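Work through the exercises below on aromatic rings and the charges that sit over them, keeping the structure at hand. Each task is followed by a solution in steps.

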Amino acid sequence: MIHKKLKPFPDNFLWGAASASYQVEGAWNVDGKGPSNWDEFVRIPGKTFKGTNGDVAVDHYHRYQEDVQLMAEMGMKTYRFSVAWARIFPNGKGEVNEKGLQFYDNLINELIKYEIEPILTIYHWDLPQALQDDYGGWESRNIIEDFTNYSVTLFKRFGDRVKYWVSLNEQNIFTMLGYKTALHPPGVKDDKLFYQVNHHANLANASVIKEFRKYVPDGKIGPSFAYAPAYTFSSKPEDILAMENAEEFNSHWWMDVYAWGHYPKATWNYLEKNGLAPSVEEGDFQLLKEGKPDFMGVNYYRTMTYEKNPLDGVTEGHFNTSGKKGTSEDTGIQGVFKTIKNPNLEATNWDWEIDPTGLRIGLRRITNRYQLPILISENGLGEYDTLEENDFVNDDYRIDYIKSHLIAVQEAITDGVEMIGYCVWSFTDLLSWLNGYQKRYGFVYVDRDEEDEKELRRIKKKSYHWYKVVIETNGESL
């Protein structure tokens with residue numbers, strides 16, 4: 001539908017930005033922090049772009065006051081950050097590291113001082129390596145108890161000040177890239193194990209949400225899901241069926257469990273028939289039903305387009321981590337679906353389709369299916385930025401990207417979607433996991449690269465000043 005006039009953003013709309021502990025903090029082995037799976041994984045030759053790691057990252061651990069001051073100058077309403085589990089429990093469980101808790105106490109208090117609402121992500125991929133060594137991390141049901149105990153420690157310590165919580169960040173990505181493609185730790189390719197790991201993560205997520213109600217009764221909690229709404233390549237019925245398969249396999253498989261506590265039927269039947277369904281114990285589905293979230297967190301970057309994939313068709317292809325446009329390849333599940341390039345969309349240098357209307361479509365699908373409020377916990381553009389004379393970074397392309405996606409959010413609000421807020425990924429430049437430091441997302445340029453940490457100077461980009469006005473006008477300036 002085309003609206004003659006768009007509804008304004010809600011008065012209490014949370015305008016913000018986001019980050020993750022491993023990607024910004026650095027200080028990987030100071031003040032009692034234990035090693036995480038990422039601390040170990042990045043040391044394997046060839047795993048990351050030019051061997052980059054998060055040992056220093058952008059040193060947010062030592063510069064958080066400077067970073068929060070920049071947020072305050074921008075007028076940001078919220079900042080979403082994650083806690084490093086191994087900073088709190090160096091061995092994943094057992095003795096608590098008080099210095100780790102104190103760091104996040106300081107960060108939260110600094111945010112509140114400037115009236116910036118903290119959104120705390122409990123898990124953003126950095127698992128304590130000790131738990132991986134002890135019992136395989138997410139491969140064991142033991143993770144449910146340890147993740148719950150860790151979360152309750154955070155609820156008790158920070159729940160008086162933090163009222164918005166994200167339980168798991170992009171469960172679909174850390175399970176898929178860790179156990180299906182081997183691009184992320186622990187670097188395993190095992191479809192059966194992937195579905196089992198994912199079931200354990202669902203149980204851990206539900207357990208934590210259930211406990212949250214006891215400790216932060218006036219707070220809100222939900223997972224953040226990496227949603228890439230599915231399109232059909234053509235109007236051929238077999239392509240439409242492939243699209244339906246993809247939406248169920250890649251999206252409903254997670255969000256149905258979050259919202260309703262059960263898996264979608266066609267996918268479950270397929271997995272059972274092929275010997276891939278996870279082992280389920282008595283009480284599992286009861287627990288899943290008890291873990292209903294207060295909102296659906298959405299990390300949105302792209303849509304995906306699908307067509308029929310024959311029984312002898314495509315499986316996995318190359319994933320672009322180099323920034324060389326056009327190098328990614330189609331992937332699929334034989335007899336289920338395959339991806340195909342959408343000729344109607346432009347893409348980034350990392351081959352991610354730019355599709356603001358897809359965000360609106362995704363928000364409406366979630367609203368209609370789950371009837372939950374939505375927090376956009378990530379949306380942003382990773383691109384090459386150039387530091388010019390007089391510390392000027394002209395990132396008009398980022399402004400265009402965020403503006404078009406915010407208009408799509410406003411259109412979705414006008415459609416009837418209940419929105420909590422919008423967090424741009426990211427506030428400062430950061431380590432982009434496999435992609436090094438060349439793929440920049442931030443409003444604030446951090447002067448470092450893969451080879452040289454330099455002085456890690458913070459420099460406001462053009463987009464910083466633009467977003468400041470958007471916040472000041474509550475989106476009217478769009």
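**Exercise 1.** Find the ring over which the charged end of Arg448 sits, and the ring whose face lies under Arg43.

*Solution.* In this predicted model, the charged end of Arg448 sits over the ring of Tyr437, at 3.8 Å from the ring centre. Turning to Arg43, one finds that it lies over the face of Trp28, 4.5 Å from the centre of that ring.

**Exercise 2.** Classify the pair formed by Trp125 and Trp433, and place both residues in the chain.

*Solution.* The ring centres are 4.7 Å apart, which is within the 6.5 Å cut-off for a pair. The planes meet at 35°, and because this is neither under 30 degrees nor over 60, the pair is tilted. Trp125 belongs to the loop between strand 3 (117-123) and helix 6 (129-135), whereas Trp433 belongs to the loop between strand 12 (419-425) and strand 13 (444-446), so that the pair links parts of the chain 308 residues apart. Both Trp125 and Trp433 are buried.

**Exercise 3.** Classify the pair of Phe249 and Tyr270, and decide whether each residue is buried or partly exposed.

*Solution.* With 5.3 Å from centre to centre and 75° between the planes, the pair is edge-to-face. Phe249 lies in helix 10 (residues 237-260) and Tyr270 in helix 11 (residues 265-273), 21 residues apart. Phe249 has a relative accessible area of 8%, which is under 20%, and is therefore buried; Tyr270, at 22%, is partly exposed.

Methods: Residues are numbered from 1 along each chain as its sequence is written. This is a predicted model: local features need pLDDT of at least 70, side-chain atom pairs count only at pLDDT 80 or more; totals for chains, interfaces and linings use all residues. Side-chain values use heavy atoms; hydrogens and water are left out. Rings of Phe, Tyr and Trp (its six-membered ring) pair if their centres lie within 6.5 Å; planes under 30 degrees apart count as stacked, over 60 as edge-to-face and the rest as tilted. Helices (H or I, at least four residues) and strands (E, at least two) are DSSP runs, numbered from the N terminus. Buried means under 20% relative accessible area, exposed over 50%, partly exposed in between (1.4 Å probe, protein chains only). A charge sits over a ring if NZ of Lys or CZ of Arg is within 6 Å of the ring centre and within 35 degrees of the ring normal.
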